[in-house]
Amino acid sequence: MAIDDELLNRVTWKIPNALALVGSRSGDERNAMTTSWITQLSMEPVLVGVGIDNSAVTRRLIADGGSFSVNLWDATDTKVFVKFSKPATDADGALNGRPVRDGVTGVPIFDDAVAWFECEVRQSLDLGTHTLFIGEVVDAGIRDDEARPASMADTRMKYGGVKRGGH
Ligand SMILES: Cc1cc2nc3c(=O)[nH]c(=O)nc-3n(C[C@H](O)[C@H](O)[C@H](O)COP(=O)(O)O)c2cc1C
């Protein structure tokens, strides 16, 4: 049974997703990207999956570099997600002006993240428009235990649903 595209959009947009910056690196090339498809997938080992657009710079960097970071952000500072929805500028130890340091796997970790973790890719699945990268958490930290991490509901932005022209 064919489901109307508009209904598919409206219903998938209702999924209460997280919203964070996914950091990646291959060689000297680094990036971070606004990402909402993030979920834990196993407890032993502790695995987290991220769904990454096959046309994104981030997809290439995670595939080549073999790791990624997830940087949870303060829910009161959601303008960062607009800036990171295109490839980031890497200058003076910062991505788009937000200071980063190298994690144990080399991927960028944001100094301003309220909490973060770093994953080594264990499996990847090309699912169509997106690749699911499944990574084992190899390092993690919390900067501000009181801050509430951002989710999609903190913004007016939408992501997901059916593929649109130009995306
Ligand atoms: C609110 C929001 C959520 C997003 N979530 C995802 C996501 O989960 N996966 C994804 O591949 N792109 C997502 N995007 C799109 C990427 O941020 C955007 O396509 C980016 O330009 C591609 O990343 P790149 O810099 O690695 O090329 C989202 C964008 C916005 C505005």
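The questions below concern the sheet in this structure and the helix packed on it.

This is a predicted model, in which local features need pLDDT of at least 70, side-chain atom pairs count only at pLDDT 80 or more, and totals for chains, interfaces and linings use all residues. Residues are numbered from 1 along each chain as its sequence is written.

Reader: In what order do the seven strands of the open sheet stand?
Author: Strands (E, at least two residues) and helices (H or I, at least four) are DSSP runs, numbered from the N terminus. Two strands pair if DSSP finds at least two bridges between them. The pairing here is antiparallel, and the order is E2-E1-E5-E10-E11-E4-E3.

Reader: Which are the edge strands?
Author: An edge strand of this sheet pairs on one side only. That holds for strand E2 (29-35) and strand E3 (38-42).

Reader: What angle does the direction of helix H2 make with that of E1?
Author: Helix H2 (residues 57-65) packs on the sheet and touches strands including E1 (20-26) and E5 (67-72); contact means that C-beta atoms, placed from the backbone, lie within 7 Å. Axes are lines fitted to C-alpha atoms, for helices over the stretch in contact, and angles run from 0 to 180 degrees between N-to-C directions. The angle with E1 is about 55 degrees.

Reader: How many bridges join E10 to E11?
Author: E10 and E11 form a hairpin with three residues between them, and Gly128 in the turn has a positive phi of about 135 degrees. One bridge pairs Ser124 with Phe133 in E11. The two strands run antiparallel, and the number of bridges is 11.

Reader: Which residue in E11 stands opposite Asp53?
Author: Strand E4 (residues 47-53) is joined to E11 (residues 130-142) by seven bridges. Opposite Asp53 stands His130.

Note on methods
Contact = placed C-beta atoms within 7 Å.
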